[in-house]
Amino acid sequence: MMTETILLYSFLFLLIHYLIFLSIIYRGLSNLKTVDNISQSTNEFISVIIPFRNESGKILRSLNSIQSQNYSSDKFEVIYVNDFSTDDSHEKISGAISSDNVRVISVPEDYSRQAHKKRAVRFGIENSKGKIIVTTDADCVHNPEWLSTLLSYFDKNSGFVSGPVSFISDGSFFSKFQALEFAGLVITGAGLIGAGKPTICNAANIAYRKEAFDKVNGFKDQMNLSSGDDELLMQKISKETVFKVKFCPDKNAVVKTEGNESIGQLYQQRKRWASKGLFYADKFLIVKLILIYLFYLSLPVQLILGLTVENIFLFSLSLSLLLKIAFEFSVLRKGIKIFLNNGLLKPFLIAEILHIPYIIIAGLSGLFGNYIWKDRVVKR
């Protein structure tokens, strides 16, 4: 009986911690502010860095959307950085550039070998002249108002601005599931920034001051990691400088990209993202993330205990699931209404069930830090 009581209190603690986390996100979303006049974009010169590796099928689409930006071409440059593509991506984009402010460079072979994408971004920055750095991915599509909208959130106190990213759905359930799950990550990142606790963002749509990047020594202490060019940098700028971190909650700033084609690709992508968590500088944040993971792990544990030990665990499981669903739905609905597509919520209930084993497996796999990305086997 004593063991059962301790377990019940432990499950209750994990539930309360998770609901508080979701409440913080919800309040943070309410704090997000929009800019009324987009024409007030910064007058500082901008460098857009776009690393690419083996994007032959998508890179011309990226170039077309970048060259179609409604932003004066004399105020920004675009640098595509070739990260050792083994297909014809480099040849394709080099022959298709029609704007004087767009160029392609290649990472030297002996340049920070372990850092992969991060080395491409850093090499691009080293060869740039902008005071504000914008990064995105070569498999993305950008609204013509994307750059001007994102930059409108910069003022003299802004050091880092995160923008929204969404998956393009092809109508299949797998695609819709990915789009909703990814929307949850973006909304979580937005809410935490709004709450003054910047934690996650996506490198497909971020911008930061070169001065802030230099003040935290850029990626200097992270070049042994193949990922982390986004949220690890954002966390350092927030913690180590006086600059503010903002989120751009504007639908015109949404960057769109395609989801994974298979479950295997999704698994590898989420392993890559999860592998960064243990390298957060804020150890208290790591503890909080572990508690959230333990909450998800507690759900199947409660089911097993309820079926084999005591029915009370089935009651605690039901309570946990009902509150989880209610709170998550409220957060998702609020975030989607602000800056994403309302149709994303259609597969919500089924996704809620699938999300539990998905989080457990992806989180555990991320601990090992080994994954396949862009035809590379990456090891921690």
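Here a biologist and a modeller talk through salt bridges in this predicted model.

Biologist: Why is the contact of E77 and R103 called a salt bridge?

Modeller: Their closest N and O are 3.5 Å apart. The cut-off is within 4 Å, so the pair counts. E77 sits in strand β2 and R103 in strand β3, 26 residues apart.

Biologist: What makes E77 buried?

Modeller: Its relative accessibility is 6%. Buried means under 20%, so E77 qualifies.

Biologist: And why is R103 called partly exposed?

Modeller: R103 has 32% relative accessibility. Partly exposed lies between under 20% and over 50%, so R103 fits.

Biologist: How do you know that D155 and K246 form a salt bridge?

Modeller: The closest N and O atoms are 3.0 Å apart. That is within 4 Å, so the rule is met. D155 lies in the loop between α5 and β6, and K246 in strand β9, so the pair ties together parts 91 residues apart in sequence.

Biologist: Are D155 and K246 buried or partly exposed?

Modeller: D155 is at 35%. K246 is at 21%. Neither value is under 20% or over 50%, so both are partly exposed.

Biologist: What makes K210 and D214 a salt bridge?

Modeller: Their N to O distance is 3.1 Å. The limit is 4 Å, so they pass. Both lie in helix α7, 4 residues apart, about one turn of the helix.

Biologist: Which residues do shared partners join into one network?

Modeller: K58, R61 and E258.

Biologist: How many salt bridges are there by this rule?

Modeller: The count is 11.

Definitions and conventions:
Residues numbered from 1 in each chain as written. Predicted model: local features only at pLDDT ≥ 70, side-chain atom pairs only at ≥ 80, totals over all residues. Heavy atoms only, no water. Salt bridge = Lys/Arg side-chain N within 4 Å of Asp/Glu carboxyl O. Helix = DSSP H or I, 4+ residues; strand = E, 2+ residues; numbered from the N terminus. Buried < 20%, exposed > 50% of the residue type's maximum accessible area, 1.4 Å probe, protein only.
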